[in-house]
Amino acid sequence: MSLVNAAHGRSDSTSAVHPTGERPHGGRRTIRQVVGAYAALAKPRVIELLLVTTIPAMFLAGREIPSPWLVLATLVGGTMAAGSANALNCVIDADIDKVMNRTKRRPLVKESVPRRGALIFGLVLGVLSFVVLYFTVNLLSAILAIVTILFYIFVYTLVLKRRTSQNVVWGGAAGCMPVVIGWAAVTGTVEWPAFVMFGVIFFWTPPHTWALGMKYRDDYERAGVPMLPVVATPQHVARQIVIYSWVMVAWTLLLVPVTSWIYTTFAILAGGWFLFYAHSLNAAVRRGEETKPMSLFHRSNTYLMIVFVALAVDSAIGLPVIGLPF
């Protein structure tokens, strides 16, 4: 889910098929290989990033360390929801994945998982995510998880992805939902800090994904996906990355009133660090120099982790919040 679009930064290498294309043991696969192939459909590395944002949201919601059992239940349900969306995305985008070098080792492309099996797997995970969250957390978090899956599949994958260069801008909203689910798990409601965290990830997604798109522009063009780097000049893409980066960093400061100096310090320092590299990329593009957009892509993951880990630490320590200036 994008953070959903963090998925675009990983090439799936898990496959039950050998590099030669032949299946071992005369076409028979071990249980481990089958399980590995289905697990790859869920894109576990993408889910890791989603969990990095969910846990801090739960810490901030109560301004303390939440119940370990509540955290575990929320993570299990959230992982199932994310896995469901990712598996269904693989089913829908199998034709694209076949022509992109970055995704050509995904299970459906390698035929290590049948299409029908992948579809059932994705649907079952979605149902289980609702059941787990409803019975172990609360109804609101369960509903939000299902809404996230539906948005990712029907709005992003089926409508936006192949039709507009703004696909990751609006479609990326699905990747912002884990923080809202985490907040709802603790409070049973959705309040303004949850929407601020949503916004941080929302504005983080375009620079993160467009940096990747600059690197794999030919892949997306060959697949017919109108990512911004495919339809716009590198100069325009780099400017947009800088603009969204500034908005993202400024947005993180909206959480200052509900945090202490710990979060504020890390948000400012990490923001300045990321902006330096965003401007460096833009300057290199303007000068016509060879660029390394993947450097910014990887730093964007680090940046997001720093901001949200700072939120968790700040909430766990429980120092007095800065509060509003009025």
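Domain bounds here come from an automatic or database domain assignment. In this predicted model, that assignment splits the protein into domain 1, covering 32-187, and domain 2, covering 191-325. Measuring from one C-alpha centre to the other, domain 1 and domain 2 sit 21 Å apart.

The two domains touch through 34 residues of domain 1 and 42 residues of domain 2. The size of an interface is often given as the accessible area lost when the parts come together. For domain 1 and domain 2, that buried area comes to about 3,100 Å², with carbon and sulfur atoms giving 73% of it. On the domain 1 side, the residues that lose the most area to domain 2 are Leu60, Arg63 and Trp183, which together make up 21% of what that side buries.

Those three names are a handy way into the helices. Leu60 of α2 and Trp183 of α9 also turn up in the contact between these two helices. Helix α2 runs over residues 44-62 and helix α9 over residues 173-187, and the pair packs at an angle of about 35 degrees with axes 8 Å apart. Their crossing is right-handed. On the α2 side, the contact is made by Leu50, Thr53, Thr54, Ala57, Met58, Leu60, Ala61 and Gly62. Facing them from α9 are Gly175, Pro178, Val179, Gly182, Trp183, Ala185, Val186 and Thr187. Sorted by type, the residues of this contact come out as 10 nonpolar and 6 polar, with no charged ones.

Arg63, the remaining name, belongs to the loop between α2 and α3. Its backbone is worth a look too: phi of Arg63 is near 55 degrees, a positive value in a residue other than glycine.

Past that loop comes another helix pair, α3 and α6. Helix α3 (residues 68-92) and helix α6 (residues 115-136) have axes that come within 8 Å and cross at roughly 155 degrees. Angles over 145 degrees count as roughly antiparallel, so α3 is roughly antiparallel to α6. This crossing is left-handed, whereas that of α2 and α9 is right-handed. The contact of α3 with α6 brings in 15 nonpolar, 9 polar and 1 charged residues.

A second positive phi shows up at Glu111, at about 60 degrees, although Glu111 is not a glycine. Glu111 is found in the loop between α5 (107-110) and α6.

Note on methods: Residues numbered from 1 in each chain as written. Predicted model: local features only at pLDDT ≥ 70, side-chain atom pairs only at ≥ 80, totals over all residues. Heavy atoms only, no water. Axes fitted to C-alpha atoms, helices over the stretch in contact; angles between N-to-C directions. Helix = DSSP H or I, 4+ residues; strand = E, 2+ residues; numbered from the N terminus. Parallel < 35°, antiparallel > 145°, perpendicular 65-115°, else oblique. Left-handed = near helix turned anticlockwise from the far one by under 90°. Nonpolar A, V, L, I, M, F, W, Y, C, P; charged D, E, K, R; others polar. Contact = heavy atoms within 4.5 Å. Buried area = accessible area lost by both parts, 1.4 Å probe.
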